[in-house]
Amino acid sequence: MKIIGLDISTRITGWSIFENEQYVKSGNINLERTGKKIDVRLKIMSTQILQLLYREKPDVIVVESGYIGKNPKVALDLMRVRSVPFFYSLVANVLVLEPEPSEWRRILGFQSYGGQRTKYKKLVVKYVDKHFKQGVGDDEADAVCLALSYINEYVAIGKYFCDVELEEE
């Protein structure tokens, strides 16, 4: 079974691939420094996500449930990009799950920091750095952990669990 985790945004989308419960690879689609306008970035990001899905042919896609924010334009742009894996799932008959950040962190046993996003991001990066791939950014680390949460919850229950802590600052 092939699982793809996606942490989607309009600037940097993290992705990860697991096959038969094992980490295969991960990376980013990074459009942050392209200088492109949002309409061009949306097209490029959507196309690259779709190419990744068609190339890898996953059985399951795990997409983080998106934070909408207060700006309706930004929310609409993000929803356009986030629709790509759902479109692919209809065409390819693939399961798509959409856990909230708090849900996938709970499944993996990440310590609660009461909504302090930066602490969560550091902890997730540290965990991925220790077990899978060094030097990842937070988008890629989130994508890895999204796929892991599916494995932990539905395939190999309890196989992966957070075993790192943040040092006190």
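**Loops, sheet and a helix pair**

Asn20 lies in the loop between E2 and E3, where strands (E, at least two residues) and helices (H or I, at least four) are DSSP runs numbered from the N terminus. The model is a predicted one, in which local features need pLDDT of at least 70 and side-chain atom pairs count only at pLDDT 80 or more, while totals for chains, interfaces and linings use all residues. Residues are numbered from 1 along each chain as its sequence is written, and side-chain values use heavy atoms, with hydrogens and water left out.

Asn20 is not a glycine, yet it has a positive phi of about 50°. At 54% relative accessibility, Asn20 counts as exposed (over 50% relative accessible area; buried is under 20%, partly exposed is in between, with a 1.4 Å probe and protein chains only). Another asparagine tells a similar story: Asn93 sits in the loop between H2 and E5, and its phi is positive too, at about 55°, although Asn93 is not a glycine either. With a relative accessible area of 73%, Asn93 is exposed.

Stepping back to the whole chain, the protein has five helices and five strands. Going along the sequence, these follow the pattern β-β-β-α-β-α-β-α-α-α. Of its 169 residues, 47% count as buried. Among the contacts (heavy atoms within 4.5 Å) with a separation of 6 or more, 65% come from residues 24 or more positions apart.

The strands make up an open sheet of five, ordered E3-E2-E1-E4-E5, with mixed pairing (two strands pair if DSSP finds at least two bridges between them). At the edges stand strand E3 (22-30) and strand E5 (95-97); each has a single partner strand, so one side of each is left without a neighbour in the sheet. From one strand to the next, the twist averages 15°.

Strand E1 (residues 2-7) deserves a look of its own. Six of its six residues are buried, so E1 is largely enclosed by the rest of the structure. That goes for both faces: Lys2, Ile4 and Leu6 are buried on one side, and Ile3, Gly5 and Asp7 are buried on the other. E1 and strand E2 (residues 12-19) run antiparallel and are joined by six bridges, and a hairpin takes the chain from E1 to E2 through four residues. Across this pairing, Lys2 stands opposite Glu19 in E2, while Gly5 faces Ser16. E1 is also joined to strand E4 (residues 60-63), this time by four bridges, and here the two run parallel. Gly5 turns up again in this pairing, with Val62 as its bridge partner in E4.

Two glutamates have contacts that lead back to E1. Glu64 is found in the loop between E4 and H2, and with a relative accessible area of 13% it is buried. Glu64 and Asp7 are 57 residues apart along the chain, but their C-alpha atoms are separated by 5.7 Å. Leaving aside neighbours within four places in sequence, Glu64 is in contact with Leu6, Asp7, Arg82, Glu98, Pro99, Pro101, Trp104, Asp142 and Leu146. The other glutamate, Glu56, lies in helix H1 and counts as buried at 10% relative accessibility. Not counting residues up to four places away in sequence, Glu56 touches Lys2, Ile4, Ile17 and Lys25.

Helix H1 (residues 38-56) also packs with helix H2 (residues 72-92), at an angle of about 20° and with the axes 10 Å apart. (Axes are lines fitted to C-alpha atoms, for helices over the stretch in contact, and angles run from 0 to 180 degrees between N-to-C directions.) H1 and H2 are therefore roughly parallel to each other, the word used for angles under 35 degrees (over 145 is roughly antiparallel, 65 to 115 roughly perpendicular, and the rest oblique). Their crossing is right-handed, that is, the near helix is turned clockwise from the far one by less than a right angle, with anticlockwise being left-handed.

On the H1 side, the residues that meet H2 are Ile38, Leu42, Met45, Ser46, Ile49, Leu50, Leu53 and Tyr54. Facing them in H2 are Lys73, Asp77, Arg80, Val81, Val84, Pro85, Phe87, Tyr88 and Val91. This contact divides into 13 nonpolar residues, one polar and three charged (Ala, Val, Leu, Ile, Met, Phe, Trp, Tyr, Cys and Pro count as nonpolar, Asp, Glu, Lys and Arg as charged, and the others, Gly among them, as polar).
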